[in-house]
Amino acid sequence: MTPPAIPSAPTGLTALAGNSSVVLNWTASTAKGSPTYSVLRSTSSGSGYVSIASSLTAATYTDLTALNGTVYYYVVKATNVGGTSPASSEVTATPVNPPVLAISPNTRTFVRNSAIIPVTPSNTGGAIASCAVVPSLPNGLVLATSTCG
């Protein structure tokens, strides 16, 4: 019996960077012979790939060994009993720390019948989407949400 043909290179590879992770998705192969997938990663574009996952049966993989701030290049190969495909097109991703909103000093004391000095937060990410006070404010105090986002 003739073995199935070698699978074609996987297509549609995408990468979504997160905090110390990269989620990869691609289009599943239609090759005969129950193909499995290998994910290869490099820190140099076009060369130096090392396998970080193999024998995957789903067309998705999450790289949980990625380091924040490091640029990674990924390709995927499909394998069946006929052999291993060429590599997919390369994608790149750079995991990052999540943005942090910091208010300094962290502890504020407010005196009754005295003006409250505005607190200016420092923002390491994008626009502020929402804000809240925890624990909740005492009765009679209101958070001006117009300055939150």
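This short presentation covers a sheet, one loop residue and the aromatic pairs of a predicted model.

Let me begin with the sheet. Three strands make up an open sheet, in the order E1-E2-E5, and their pairing is antiparallel. Two of these strands lie at the edges, namely E1, residues 11-17, and E5, residues 60-63, and each of them pairs on one side only. From one strand to the next, the twist averages 15°.

I turn now to the pairing of E2 with E5. Strand E2 covers residues 22-27, and its antiparallel pairing with E5 runs over 4 bridges. Which residue of E5 is the bridge partner of Leu24? The partner is Tyr61.

After E2, the chain enters a loop that leads to strand E3, residues 36-42, and Ser29 lies in that loop. Is Ser29 buried or exposed? Neither term applies: its relative accessibility is 22%, and because buried requires a value under 20% and exposed one over 50%, Ser29 counts as partly exposed.

The surroundings of Ser29 deserve a moment. Leaving aside residues up to four places away in sequence, Ser29 touches Pro7, Pro35 and Tyr37. Within the loop region, a polar atom of the Ser29 side chain lies 3.0 Å from the backbone nitrogen of Ala31. Ala59 is 30 residues from Ser29 along the chain, yet the C-alpha atoms of the two are separated by 8.4 Å.

Tyr37, which Ser29 touches, brings us to the aromatic residues. How many aromatic pairs does a search of the whole structure find? The search finds 2. In one of them, Trp26 and Tyr37 meet edge-to-face, with 5.4 Å from centre to centre and 65° between the planes. This pair links distant parts of the chain, since Trp26 belongs to strand E2 and Tyr37 to strand E3, 11 residues apart. Both Trp26 and Tyr37 are buried.

The other pair consists of Tyr72 and Tyr74, and its geometry is tilted: the centres are 6.3 Å apart and the planes form an angle of 45°. Why do these two residues count as buried? The cut-off for buried is under 20% relative accessible area. Tyr72 has a relative accessible area of 4% and is therefore buried. Tyr74 stands at 0% relative accessibility, so Tyr74 counts as buried too.

To close, I return to strand E2. This strand pairs with E5 in the antiparallel sense, and it also holds Trp26, whose aromatic partner Tyr37 lies in strand E3.

Definitions and conventions. Residues are numbered from 1 along each chain as its sequence is written. This is a predicted model: local features need pLDDT of at least 70, side-chain atom pairs count only at pLDDT 80 or more; totals for chains, interfaces and linings use all residues. Side-chain values use heavy atoms; hydrogens and water are left out. Two strands pair if DSSP finds at least two bridges between them. Helices (H or I, at least four residues) and strands (E, at least two) are DSSP runs, numbered from the N terminus. Axes are lines fitted to C-alpha atoms, for helices over the stretch in contact, and angles run from 0 to 180 degrees between N-to-C directions. Buried means under 20% relative accessible area, exposed over 50%, partly exposed in between (1.4 Å probe, protein chains only). Contact means heavy atoms within 4.5 Å. A polar contact is a pair of N or O atoms within 3.5 Å; within protein, one must be able to donate a hydrogen and the other to accept it, and residues adjacent in sequence count only if both atoms are side-chain atoms. Rings of Phe, Tyr and Trp (its six-membered ring) pair if their centres lie within 6.5 Å; planes under 30 degrees apart count as stacked, over 60 as edge-to-face and the rest as tilted.
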